[in-house]
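Thank you all for making time this morning. I would like to walk you through one model, going from strand pairing to the annotated positions and then out to the whole chain.

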Amino acid sequence: MDNLKITLQYIMPKHLISRLVGKLAAAKLGWFTHFLINRFIKAYGIDMREAQFERAQDYVSFNEFFTRPLKDGIRPLASDANIIAHPVDGCISQLGEIIQGELVQAKNHTYSLQALLGGDNASAEPFIGGDFATIYLAPKDYHRIHMPVTGTLRQMIYVPGDLFSVNPLTAENVPDLFARNERVVTIFDTELGPMALVLVGATIVASIETVWAGTVTPPAGKNVFRWTYPAQGKNAITLEKGAEMGRFKLGSTVVLAFAADKLSFLDDQQPGTITRMGAPFAERK
């Protein structure tokens with residue numbers, strides 16, 4: 001059955017399906033939208049008591065529900081300046097050292113940091129020998145992404161690609177998964193040095209947004225797009241630790257990368273650890 005699931009992902013029209021689901025998720029269909037939301041809440045056991053708006057009827061589209069804000073204070077932020085906070089609710093897939101430019105995807109699977117960041121060696125070089133973490137967001141999770149540390153945006157890269165599922169089964173069976181799926185790469189200057197925060201698309205992820213650019217995917221064409229931003233001045237974009245930086249419309253994965261010798265992951269952070277946005281993740285060296 002697992003082999004069948006993987007084979008189907010190779011042959012099905014993933015982009016078409018994802019775009020069609022995206023249109024449905026964005027549609028304002030009244031009672032039918034509320035019916036879908038209620039079914040989703042029940043199917044995935046979502047605790048709506050955490051949401052700022054608790055009823056399905058409070059949302060005019062499925063996307064609005066899926067990217068729902070949480071109540072104030074429901075995710076306390078690790079305020080210690082030496083602590084790096086979790087950027088999302090999810091589950092740690094992998095974390096560790098970036099060895100010879102490779103990141104661990106799953107057991108017996110690695111992939112290229114340079115490919116993940118869009119194929120440019122200059123973007124990848126600062127992270128060689130550094131540390132990375134991959135966090136999977138399940139459908140039930142809160143789908144806004146927040147800053148683990150304060151940072152000034154220096155570059156955003158849209159990388160076109162496939163739309164395989166990013167669940168654990170696919171990660172264990174599809175080579176180079178995160179470097180072949182559509183993604184948005186963001187690179188920030190922080191007190192820890194450069195930080196890459198990569199938002200990876202997946203099957204039925206209708207779009208990826210950032211707070212400074214709005215919807216980044218899906219664009220037309222198959223080209224890599226790059227944007228650069230100033231380090232200072234009135235046009236600089238600086239986001240404080242804990243601030244929202246983007247969101248997924250339907251679930252996916254984030255990959256974090258840091259430069260060498262800048263942080264240590266806390267002892268209780270391991271593959272399989274459930275994450276909550278704002279909670280302690282790592283500490284500065």
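Let me begin with β2, which runs antiparallel to strand β5, residues 131-136, with six bridges joining the two. Within that pairing, Ile-92 has Ile-135 of β5 as its bridge partner. Please keep in mind throughout that this is a predicted model, and that every value I quote is computed from it.

β2 has another antiparallel partner in strand β17, residues 274-275, where the pairing extends over two bridges. There, the residue of β17 that bridges to Cys-91 is Ile-274.

This brings me to the annotated positions. The UniProt entry, which is unreviewed, carries an "active site" annotation that covers Asp-89, His-146 and Ser-252. I will speak about Asp-89 and His-146 in turn.

Where does Asp-89 lie with respect to β1 and β2? Asp-89 is in the loop between these strands, β1 being residues 83-85 and β2 residues 90-97. Although Asp-89 belongs to a loop, its relative accessibility is 2%, and Asp-89 therefore counts as buried, the cut-off for that term being under 20%. If we set aside residues up to four places away in sequence, Asp-89 touches Arg-75, Leu-137, Asp-141, Tyr-142, Thr-275, Arg-276 and Met-277. With one of these, Arg-75, the contact is polar and runs between the two side chains, at 2.7 Å. Thr-275, also on that contact list, falls within the residue range of β17, the strand that I have just described as pairing with β2.

Turning to His-146, we find this residue in strand β6, which spans residues 144-146. Is His-146 buried or exposed? With a relative accessibility of 8%, His-146 counts as buried. Its contacts, once neighbours within four places in sequence are left aside, are Pro-87, Leu-197, Gly-242, Ala-243, Glu-244, Met-245 and Met-277. The side chain of His-146 also makes a polar contact of 2.8 Å with the side chain of Tyr-142.

If we put the two environments side by side, Tyr-142 touches Asp-89 and has a side-chain polar contact with His-146, while Met-277 is listed among the contacts of Asp-89 and also among those of His-146.

From His-146 we can move to another set of strands, since its contacts include Glu-244 and Met-245, and strand β14 covers residues 244-249. β14 pairs with β10 in the antiparallel sense over four bridges, and Gly-246 of β14 is the bridge partner of Thr-210. β10 itself, residues 207-210, directs Ser-207 and Glu-209 one way and Ile-208 and Thr-210 the other, and all of these residues are buried. β10 is also paired, over three bridges and again antiparallel, with strand β11, residues 214-217. In that pairing Glu-209 is opposite Thr-215, and the link from β10 to β11 is a hairpin passing through three residues.

A second hairpin deserves a word. Strand β3, residues 102-106, is joined to β4 by four bridges, and the two run antiparallel, with Val-104 standing opposite Thr-110. Two residues lie between β3 and β4 in this hairpin, and Asn-108 in the turn has a positive phi of about 70°. How do the faces of β4, residues 109-112, divide? His-109 and Tyr-111 form the covered face, whereas Thr-110 and Ser-112 form the uncovered one.

Let me now step back to the whole protein, which has eight helices and 18 strands. The radius of gyration is 18 Å, which agrees with the value near 19 Å that a compact globule of 285 residues would have. Taken along the principal axes, the C-alpha atoms fill a box of roughly 50 × 45 × 40 Å. Buried residues account for 52% of the 285, and, among contacts with a separation of 6 or more, 77% join residues that are 24 or more positions apart. The accessible surface comes to about 13100 Å², and carbon and sulfur atoms contribute 53% of it.

I will finish with a helix residue, Gly-22, which is located in α2, residues 14-26. Gly-22 counts as buried because its relative accessibility is 10%. Between Gly-22 and Phe-62 there are 9.4 Å from C-alpha to C-alpha, although these residues are 40 apart in sequence.

Key. Residues are numbered from 1 along each chain as its sequence is written. This is a predicted model: local features need pLDDT of at least 70, side-chain atom pairs count only at pLDDT 80 or more; totals for chains, interfaces and linings use all residues. Side-chain values use heavy atoms; hydrogens and water are left out. UniProt positions are given in the numbering used here, feature names are shortened, and annotations may be inferred rather than shown by experiment. Buried means under 20% relative accessible area, exposed over 50%, partly exposed in between (1.4 Å probe, protein chains only). Contact means heavy atoms within 4.5 Å. A polar contact is a pair of N or O atoms within 3.5 Å; within protein, one must be able to donate a hydrogen and the other to accept it, and residues adjacent in sequence count only if both atoms are side-chain atoms. Two strands pair if DSSP finds at least two bridges between them. The radius of gyration is taken over C-alpha atoms; the globule rule is 2.2 Å times the number of residues to the power 0.38. Accessible areas come from the Shrake-Rupley method with a 1.4 Å probe; for residues, only the protein chains shown count as cover.
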